[in-house]
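Okay, thanks everyone for squeezing in. I'd like to walk you through one structure today, so let me put it up on the screen.

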Amino acid sequence: MSIQQNFPTINYRHISPIVAASAVAASVCYFLFSKNTSHKGLNNIPSPKRNYPIFGHMFSLGKVPAEQIDEWHKELGPIIQLQVGSQVWVVVSNPHLAHELFTLRGSVTSARPSHFYFMDIYSRGGKGVVFVSATKSWKMARATAMGLLSFASVKRLSGVFQKEADIMVDYMLKSTKKDGSVDSLKNLQLVAFNVIMSTCFGKRYNSIEDPEVVSMFAFINQHNIYARIEDDPGSFFPYLSWILNLSNKKRKMDQFVRANRDKLFYELIKEARNGTSDCFVKSLYETDAKHSLNDLDIMIMMSDIVIAGSETTAVAMSWLIAVTLNYPEIQTKIQAEIDAFTSEYGRLPEFSEAHKLPYLCSTQKESLRYRSITTFGLPHEASEDIDFKGYHIPKGAMLIVSMKTLHMNSDKYKDPEKFIPERFMDKYTTISSAANGPILERDQYNFGWGRRICPGIHLAEMEMFEVFIRLFSSCDISPALDTNGNPIKVDLEGFRDYGLVDAPLPYGFRITERAADLLFQVT
Ligand code: HEM
């Protein structure tokens, strides 16, 4: 299992001796010359022992930081402070605290921590939505993204979701016949990617091996690598910024982004503008001609949406399938619910009728709760000193949520280690309205908080709904078989670092058509 921490990713295997040695030297200077400030009347946030000079808690975080942080929360409570190099991390693990910090105090907690690659190279000094601080330009980009991804706008895309889901099911059926099983992620990645590409550029691909898809994933993969500490030692040890300046890494990063991301996206934008399909690019250039985004703003926004919107949804769907393979009764119940709908209405349900499928919708919520898509969401930053519930949070502190601890909170969720969709069945709400509603009614927290809450939530929710309706109405899924013909259990405990997200460990599964008398024929 790999070590994973989002934005920036710390992968200790990638801390070279030169970075470590320079960190020691630089941080000694930092400690000698930095001012010691006190904050009258305010308490220090509880902080774990094993805080070593220079590196702070960096190496105490262990191989799986989420698990160590979970332990520290059990020992010290729902808010803890860590020192990681020269960075201060404030980690919260309680829904109410997170809500107060990120939503109610959002005016001072909605910045993003500075990271050289994200800010200077990828976002060209602050353009786009995801990786930039809470500036005026972010506000404008975010408002545009919110418009593109609004419920009304996404609802018009249901045909795209349905078509991609049908193609996926058909392809998986053929692959199971041919190869015996299908991969846990690849087909879901293609659906999610095609949904985003159709939405943004009016373009889809037949295969994940298509050269353009390969180039896109290669770009995203390298993008995730540049997020690691090795590539931005300056944010952990400010005195190390010179390393980036001296080495030609900055130039390499810049060349990489221009030669790959910019080239790819400008080409896609050109095609979309000349094409006939309705898509975000067309709408930005034609319908909303009054908006004040320029070509570079639009290119970076599209890149943000592709990066934020494809792997996340694919991984969420892969977790739900993984759980269903280990607990076959879930599939039986979902199918019974869909069958009841189709026999009453003579057709498959639309997303607007999701409330008539409370078990499927609750399973989606429970799957997101049971296995979080990210370890820590995306970090925010304190843009000024904050007095938070009698604690002092220093300006510049990185503010993160411990998703695992939050989703395994036994005050909020009874028997949190168990997969129980029924826990959400007493009151139907969509995932998006729960996430944007009162704190007590939130079902899970994967989509973040406050002013930075995920604007793609409607798209993600509708896409997942359409995929599961199409998959479970016409097919049965079952685990792959070993060489003796025995079903292989899926490992739900481990996860693999998939850039911004935590994916299930690879598994295979079979999909077969349901018996003809059960099958509702899609026309
Ligand atoms: C299961 C699917 C998804 C999950 C779990 C997810 C999760 C998140 C999280 C945790 C954040 C950061 C929120 C914060 O800072 O508090 C975020 C931001 C964002 N997401 Fe998603 N996301 C998903 C799908 C999508 C999709 C489908 C899109 C676009 C089509 C999208 C676009 C964005 C954008 C643009 C942001 C940046 C918002 C900002 O910084 O202002 N996401 N998402």
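So, confidence before anything else. What you're looking at is a predicted model, and the mean pLDDT of the protein chain is 89, with 89% of the residues reaching 70 or more. The lowest and highest elements are both helices: helix H1, residues 17-33, has the lowest mean pLDDT, at 50, while helix H4, residues 106-109, has the highest, at 98. Over residues 1-19 the pLDDT is below 50, although that stretch still has 70 contacts in the model beyond near neighbours in sequence. Residues 31-36 also stay under 50, and there the model has one contact beyond four places in sequence. Please remember that where pLDDT is low, the predicted coordinates should not be read in detail. As for the scores on the whole model, we have ipTM 0.99 and pTM 0.91.

Now the overall layout. The protein chain has 21 helices and eleven strands. It has 523 residues, and 59% of them count as buried. If you take contacts with a separation of 6 or more, 74% of them are between residues 24 or more positions apart.

On to the metal. Which residue is the protein donor of the iron atom of the ligand? It's Cys454, through its SG, at 2.3 Å, and that is the only protein donor. You'll find cysteine 454 in the loop between helix H20, residues 431-436, and helix H21, residues 457-474.

Keep Cys454 in mind, as it comes back with the cavities. There are six cavities of 30 Å³ or more, and the largest has a volume of about 750 Å³. It is lined by 41 residues, and the closest to its centre are Ala308, Thr312, Leu378, Cys454 and Pro455. So which elements each supply at least two residues of that lining? They are helix H6 (136-148), helix H15 (295-309), helix H16 (311-326), strand S7 and helix H21. H15 gives the most, with four residues.

Let me stay on H15 for a second and pick out serine 303, which is found in that helix. Is serine 303 buried or exposed? It counts as buried, because its relative accessibility is 0%. Leaving aside residues up to four places away in sequence, serine 303 touches Tyr122, Phe219, Arg261 and Phe265.

Next, S7, another of the elements in that lining. The strand covers residues 398-401; Met398 and Ile400 point one way, Leu399 and Val401 point the other way, and all are buried. S7 has a parallel pairing with strand S2, residues 87-92, over four bridges, and in that pairing valine 91 stands opposite isoleucine 400. S7 also pairs with strand S4, residues 380-381, this time in the antiparallel sense over two bridges. There, histidine 380 has leucine 399 as its bridge partner.

There's also the second largest pocket to look at, with about 640 Å³ of space. Its lining has 31 residues, and Asp70, Arg371, Lys404, Thr405 and Met408 lie nearest its centre. Helix H2 (65-76), helix H18 (358-370) and helix H19 (403-407) are the elements that give two or more residues to this lining. The largest share, five residues, comes from H2.

Two last stops. One is an open sheet of three strands, in the order S3-S11-S8, with antiparallel pairing. Strand S3 (182-183) and strand S8 (475-479) stand at the edges with a single partner strand each, so one side of each is left without a neighbour in the sheet. S3 is joined by two bridges to strand S11, residues 508-513, and glycine 508 in S11 is the bridge partner of aspartate 183.

The other stop is arginine 496, in strand S9, residues 496-498. This arginine is partly exposed, because its relative accessible area is 21%, and the cut-off for buried is under 20%. Not counting residues up to four places away in sequence, arginine 496 touches Ser184, Leu185, Val501, Asp502, Ala503, Pro504, Leu505 and Pro506. Proline 506 is ten residues away from arginine 496 in sequence, and the two are 8.3 Å apart, C-alpha to C-alpha.

That's my tour. If you take one thing back to the bench, take Cys454: the only protein donor of the iron, and one of the residues closest to the centre of the largest cavity. Happy to rotate the view for anyone.

Definitions and conventions: Residues numbered from 1 in each chain as written. Predicted model: local features only at pLDDT ≥ 70, side-chain atom pairs only at ≥ 80, totals over all residues. Heavy atoms only, no water. Donors = N, O, S within 2.8 Å, 3.2 Å for Na, K, Ca; no water. Buried < 20%, exposed > 50% of the residue type's maximum accessible area, 1.4 Å probe, protein only. Pairing = 2+ DSSP bridges. pLDDT = per-residue confidence, 0-100. Contact = heavy atoms within 4.5 Å. 1 Å grid on protein atoms, 1.4 Å probe; cavity = no way out; pocket = protein on both sides within 12 Å on 5 of 7 lines; lining within 4 Å. Points joined across faces, edges and corners; volume = space filled by probe spheres on them.
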